[in-house]
Amino acid sequence: MMKHIIYMAIAATSVLAAATQARAEEVKNVLDLKHSITDSNIVYPDSYEVDTRKMLEGWYLKNYTATDTRYSDQGDANVSDDVIRERLSKLNTVIEMPFNQIVRSYIDRYTARGRGAVSTLLGLSIYYMPIFEQALEAQGLPLELKYLPVIESGLNPNAVSKHGATGLWQFMLATGKGLDLEVSSLVDERRDPYASSQKAAAYLKDLYDTYKDWSLAIAAYNCGPGTVNKAIRRAGGDPASHDFWSIYYYLPAETRGYVPMFIAANYVMNYYPYHNISPVLATKPLVTDTLMISNRVHFNQISKVLDIPVDELRVLNPQFRADIIPGNPERMYTLVLPSQQIHAYIMSEDAILAYEADKYTRRTDATPGDQPDADTSAAIEADATAMANEPADDAPLEPAPVQEAPPVRKASSKTTASTHKVEPGETLASIARQHGVTVEELKQWNNLTRSSVRTGQMLRVTAETKASTQPSRQATAQADKKTSPAKTKSGTASTGKGKNNRKTQPARTSSHSVKSGENLTVIAKKYGVSVDELKKANNLKGDELHPGDNLKVPSKAKASGSSRKKSKASSSKKSGGKSKSSGKGKKKRR
């Protein structure tokens, strides 16, 4: 019995020793993983692809800094892995900075392809880093977290990611509002360096309190606690034993590089001189102070009165999206100004608010304009009726009717072409009246089959000069030669100032604007012409008319018809003496 107990004790001791050894090996593997891990599918964020030239053209870098070209004149120094590992170990940081192949890839990206970007980031950090450090210090957080905005936004307060994350700290809309940051059409506090830094520091502190590990807290800042928790569950084992590196392969591709990139940013922002990178140097200090604004004021008002460039106001106050500070007694906003301008603003506040006040003051009441006269009201009503009778824009288009080819203009004609953009409420009829043309001409010039137009549509408007309506002398001579009658036996031509010559001129026409309720029959009866003559004069294939259309009305058809018969009868005889045609003419005149 005693022997059995001893064997069981030995077996239990062996099992416990094996479990302890397995546990030790597991911890060892996790610790080794952060140094030995590799990844052949590294995803580089948008902040690595910043436009260096665009950054250098920013107002702050152009006016407060000067560029040292060493970063572009000299190449990257050849530094071994052991040297980088040693340098990382010497950084005075609370957050662990391990070295591996993934970290090295991000460092190389900064020191090789991103040399110009690093130079500008160093120049921008002169202004932004004190803001970040103040917010982190207030929460008791490690100051090395100030380099998170370097990888998040490239120190651009107006940066917007493809997912909609905005500002230096790249808050999503829901996250920003959840942190009590205002986001509206006029104000976006995610872009405010001071407000966003304070909220980011508080958020990072909450994440660290949750995970008790800075690598996991930093990862959760990028992809959210839910994604990190899911990765921990998939990795298995004791959740408290995990860090970023142990769940690396269970994280989204974009988040896997987040902690290595943070380590790389800490390295390059501290050891840049060893890679022949020179910072953009400050030429003069930019010392700022703040004011609380309780009135609605525009940047242009401040700029004109205090002689401050609007671009400088935008750099210092990127949270105001439309250059407007919408202050009021219930909600005051912070305005950042150069410290020497603070007193000037206080002394000149009344002048600032009064500068072009009518232009910038927001209206609280609106009064309609004067009523139109009776004629204008009638025209508006007619246009509204015309629009109501037009088919909807989404209605199927009718096939375009076959139209006769328009007359070819003479080579000597002079025309001037212009365009008209359709404004709200305009119709084809009103546009035609505005330009002194007919509706049919507008439709012909723009290949329109209907009289409806859309707001914003561009119409071609062609106005002819007088020269274009008169044939040239050469064209007139050729026309006279072709149309002149044959010579008589006496050798003289029957041309001249006679009735036949007058009849070759085109018939005179007048125009008629179609009113509501009118049709071709009513209009034809009004002018004493036939429906067919109206249709022929206007190249109409159908009977459809629209209010506002302008119709060409020819001279009375009966009178012109009798004249043609008379002309035909008189030209049938060439004797010039007493003839049947002349006799008939005499009888008719009796």
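**Entry 1: a term I need first**

Buried means under 20% relative accessible area. With that cut-off in hand I looked up L155, which has a relative accessibility of 2% and therefore counts as buried. I was working throughout on a predicted model, and I kept that in mind while reading each residue. L155 belongs to the loop between α8 and α9, and I noted that its phi is positive, about 55°, although L155 is not a glycine.

**Entry 2: the chain as a whole**

I next stepped back to the protein chain, which has 590 residues, 38% of them counted as buried. I found 28 helices and 10 strands listed for it. When I looked at contacts in the chain with a separation of 6 or more, 69% of them came from residues 24 or more positions apart.

**Entry 3: how far to trust the model**

I checked the confidence before going on, and the chain averages a pLDDT of 78, with 71% of the residues scoring at least 70. Residues 464-506, however, have a pLDDT below 50, and beyond near neighbours in sequence this stretch has 23 contacts in the model. I noted a further stretch, residues 557-590, where pLDDT stays under 50 and the model has 14 contacts beyond four places in sequence. Where pLDDT is low, the predicted coordinates should not be read in detail. I therefore wrote a caution beside those contacts in my notes, because low pLDDT calls for it.

**Entry 4: helix α7**

Where does the kink in helix α7 lie? I found it at I126, with an angle of about 55°, shortly before the proline P130, in a helix that covers residues 115-139. I then asked how many of the 25 residues of α7 are buried. The count is 18, so α7 is largely enclosed by the rest of the structure. Just after the helix comes G140, and its phi is positive, near 70°.

**Entry 5: aromatic rings around F132**

I looked up the aromatic pairs, of which the structure holds 15. One of these, between F132 and W169, is edge-to-face, with 5.5 Å from centre to centre and 75° between the planes. F132 lies in helix α7 and W169 in the loop between α8 (148-153) and α9 (173-178), so this pair ties together parts that are 37 residues apart in sequence. Both F132 and W169 are buried. I also saw that ring pairs link F132 and W169 into a cluster with Y127, Y128, F171, Y203 and Y221.

**Entry 6: P149, which touches both rings**

P149 is found in helix α8, and because its relative accessibility is 0%, it counts as buried. Leaving aside neighbours within four places in sequence, I listed the contacts of P149 as F132, G154, L155, L168 and W169, so that F132, W169 and L155 from my earlier entries come up again here. I also noted that the C-alpha atoms of P149 and G167 are separated by 8.9 Å, although these residues are 18 apart along the chain.

**Entry 7: E189 and R331**

Is E189 buried or exposed? At 14% relative accessibility E189 counts as buried, and its place is in the loop between α9 and α10 (193-211). Beyond neighbours within four places in sequence, E189 is in contact with D180, L181, E182, A195, S196, Q319 and R331. I followed R331 onward and found that it lies over the face of Y333, at 4.1 Å from the ring centre. A second charge over a ring went into my notes as well, for the charged end of R87 sits over the ring of Y271, 5.8 Å from its centre.

**Entry 8: strand β6 and N317**

Y333 led me to strand β6, because β6 covers residues 333-338, and 5 of its 6 residues are buried, so the strand is largely enclosed by the rest of the structure. β6 pairs with strand β3 (residues 288-293) in the antiparallel sense over 6 bridges, and Y333 is the bridge partner of I293. I then turned to N317, in the loop between α16 (310-316) and β5 (324-326). N317 is buried, with a relative accessible area of 0%. Not counting residues up to four places away in sequence, N317 touches F299, T334, L335 and V336.

**Entry 9: one more positive phi**

My last look was at N276, in the loop between α14 (258-271) and β2 (281-282). Its phi is near 60°, a positive value in a residue other than glycine.

Technical notes: Residues numbered from 1 in each chain as written. Predicted model: local features only at pLDDT ≥ 70, side-chain atom pairs only at ≥ 80, totals over all residues. Heavy atoms only, no water. Bend = angle between axes of the 7 residues up to and from the residue. Helix = DSSP H or I, 4+ residues; strand = E, 2+ residues; numbered from the N terminus. Buried < 20%, exposed > 50% of the residue type's maximum accessible area, 1.4 Å probe, protein only. pLDDT = per-residue confidence, 0-100. Contact = heavy atoms within 4.5 Å. Phe/Tyr/Trp six-rings, centres within 6.5 Å; stacked < 30°, edge-to-face > 60°. Lys NZ or Arg CZ within 6 Å of the ring centre and 35° of its normal. Pairing = 2+ DSSP bridges.
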